[in-house]
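Visitor: I'd like a close look at a single part of this model. Could you pick one residue, stay with it for a while, and then work outwards?

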Protein chains: 2
Amino acid sequence: MRNYRGCAMPTNTRLAVALHILSGLAYRASSGKGSVTSAELAGSVNTNPVVVRRILGELAKAGLVTSTGGRGGGYELARDPARIRLDAVLVAIEPEGLFSVHENPANRACTVSCGIKPALGQLFERADHALREHLRGTTLADFLRRVESAG
Amino acid sequence: MRNYRGCAMPTNTRLAVALHILSGLAYRASSGKGSVTSAELAGSVNTNPVVVRRILGELAKAGLVTSTGGRGGGYELARDPARIRLDAVLVAIEPEGLFSVHENPANRACTVSCGIKPALGQLFERADHALREHLRGTTLADFLRRVESAG
DNA sequence: TTGATCCGTCACCAAAACAGTTACGACATC
DNA sequence: GATGTCGTAACTGTTTTGGTGACGGATCAA
């Protein structure tokens with residue numbers, strides 16, 4: 001599908017890249033190896049190490065990964081892949097939720113205009129919650145198994 | 001929250017505007033009046049009539065509204081608000097789903113890189129489905145009641 | 001101590017999408 | 001025919017994203 005400007009949809013690939021990175025870390029952890037550098041991960045994702053480090057920075061802030069600097073340094077999962085639920089990844093990457101209410105000031109003469117914002121806020125909050133609940137049912141270990149069986 | 005560039009999140013307001021517009025049409029329908037012009041709706045949303053018409057074009061393609069040109073023309077709901085489920089609105093506005101897989105070519109030497117795309121595709125498809133199922137539980141009539149009680 | 005890595009972050013660029021605006025043709029109604 | 005409305009094109013400005021180079025600071029090995 002194309003939008004009215006004839007361009008493809010936007011939709012971030014940042015969640016996809018985050019899951020790719022985390023799968024790489026989980027895969028490496030299952031092999032018993034130590035930390036992984038941003039350059040190695042960038043080679044797997046086929047992008048630039050800085051892009052990988054930016055996303056890893058958000059995952060680190062959320063407590064999902066840890067990093068060590070210097071020679072032999074890199075990134076590791078902060079805990080076992082079976083204890084990382086995918087809703088935590090979504091929250092780390094998109095902390096504000098997926099939908100947003102328009103900021104346009106309300107037209108005081110219009111009933112709909114005056115009531116729309118709280119109604120939308122409640123609707124979007126519940127929709128985000130439903131999405132997170134769904135993702136909560138899958139762990140990173142589950143996801144890695146699907147990646148390995150798909151390859 | 002702010003992202004790495006210090007800017008606010010993106011996230012379309014197009015779904016919010018679409019629900020605002022549809023609420024306006026449903027509200028007018030409940031008053032027994034006829035069609036509503038894009039200029040009237042733009043006054044409620046506080047935006048430009050062309051922005052409203054663009055979104056209404058997508059809703060019309062999805063069969064949710066109809067339009068009539070010429071003097072006295074405008075937009076009307078295609079069916080009763082109690083028979084419009086909000087998942088249909090999401091599909092009309094975001095037909096490709098909310099998430100997308102990165103297009104970077106796979107690194108053949110990497111197990112994760114080779115298996116990530118089908119795994120992400122399946123995960124995102126199921127997440128979108130869960131979200132649509134949630135929205136399916138609310139009709140435009142339900143939503144309008146919340147708008148009216150919130151005002 | 002020195003050097004080699006590696007993270008963390010900044011600055012910059014190009015591509016893409018959205019919101020807003022003006023304009024104009026097509027069409028229906030009066 | 002005049003009026004009013006949709007449908008759409010073109011353009012601008014703002015914002016986000018992805019990609020790239022650069023550099024300081026931290027860490028580790030020799």
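**A close look at one leucine**

Guide: Let's settle on A:Leu135, which is found in helix α5 of chain A. Keep in mind as we go that this is a predicted model. A:Leu135 has a relative accessible area of 5%, under the 20% cut-off, so it counts as buried.

What does A:Leu135 touch, leaving aside residues up to four places away in sequence? Within its own chain the partners are A:Leu86, A:Asp87 and A:Leu90, and from the other chain come B:Leu123 and B:Ala127. There's also a long jump in sequence here: A:Arg85 is 50 residues away from A:Leu135 along the chain, yet the two C-alpha atoms are 7.2 Å apart in space.

Those two partners from chain B take us to the interface. Here, 60 residues of chain A are in contact with 60 residues of chain B. Interface size is often quoted as the accessible area lost when the parts come together. For chain A and chain B that comes to about 5500 Å², with 69% of it on carbon and sulfur atoms. On the chain A side, the elements giving two or more residues are α1 (14-30), α2 (38-45), α4 (86-93), α5 (111-135) and α6 (140-150). The helix we started from, α5(A), gives the most, with 18 residues. Sorted by type, the residues on this side of chain A are 34 nonpolar, 21 polar and five charged.

How many salt bridges does the rule find across the interface of chain A and chain B? Zero. Polar contacts are another matter: 16 residue pairs make them between chain A and chain B, counting pairs with both residues at pLDDT 80 or more.

While you're here, have a look at the backbone of A:Asn46, in the loop between α2 and α3 (49-61) of chain A. Most residues other than glycine have a negative phi. A:Asn46 isn't a glycine, but its phi is positive, near 65°. At 36% relative accessibility, A:Asn46 counts as partly exposed. Over in chain B, B:Asn46 also has a positive phi, about 65°, and it sits in the loop between α2 (38-45) and α3 (49-61) of that chain. B:Asn46 is partly exposed, with a relative accessibility of 36%.

Finally, how far to trust chain A: its mean pLDDT is 90, and 92% of its residues reach 70 or more. Residues 1-11 of chain A are below 50, although that stretch has twelve contacts in the model beyond near neighbours in sequence. Where pLDDT is low, the predicted coordinates shouldn't be read in detail.

Conventions:
Residues are numbered from 1 along each chain as its sequence is written. Chains are lettered from A and ligands numbered from 1 in the order in which they are written. This is a predicted model: local features need pLDDT of at least 70, side-chain atom pairs count only at pLDDT 80 or more; totals for chains, interfaces and linings use all residues. Side-chain values use heavy atoms; hydrogens and water are left out. Contact means heavy atoms within 4.5 Å. Buried area is the accessible area (1.4 Å probe) that two parts lose on being put together, summed over both. A salt bridge is a side-chain nitrogen of Lys or Arg within 4 Å of a carboxyl oxygen of Asp or Glu. A polar contact is a pair of N or O atoms within 3.5 Å; within protein, one must be able to donate a hydrogen and the other to accept it, and residues adjacent in sequence count only if both atoms are side-chain atoms. Helices (H or I, at least four residues) and strands (E, at least two) are DSSP runs, numbered from the N terminus. Ala, Val, Leu, Ile, Met, Phe, Trp, Tyr, Cys and Pro count as nonpolar, Asp, Glu, Lys and Arg as charged, and the others, Gly among them, as polar. pLDDT is the predictor's confidence in each residue, from 0 to 100. Buried means under 20% relative accessible area, exposed over 50%, partly exposed in between (1.4 Å probe, protein chains only).
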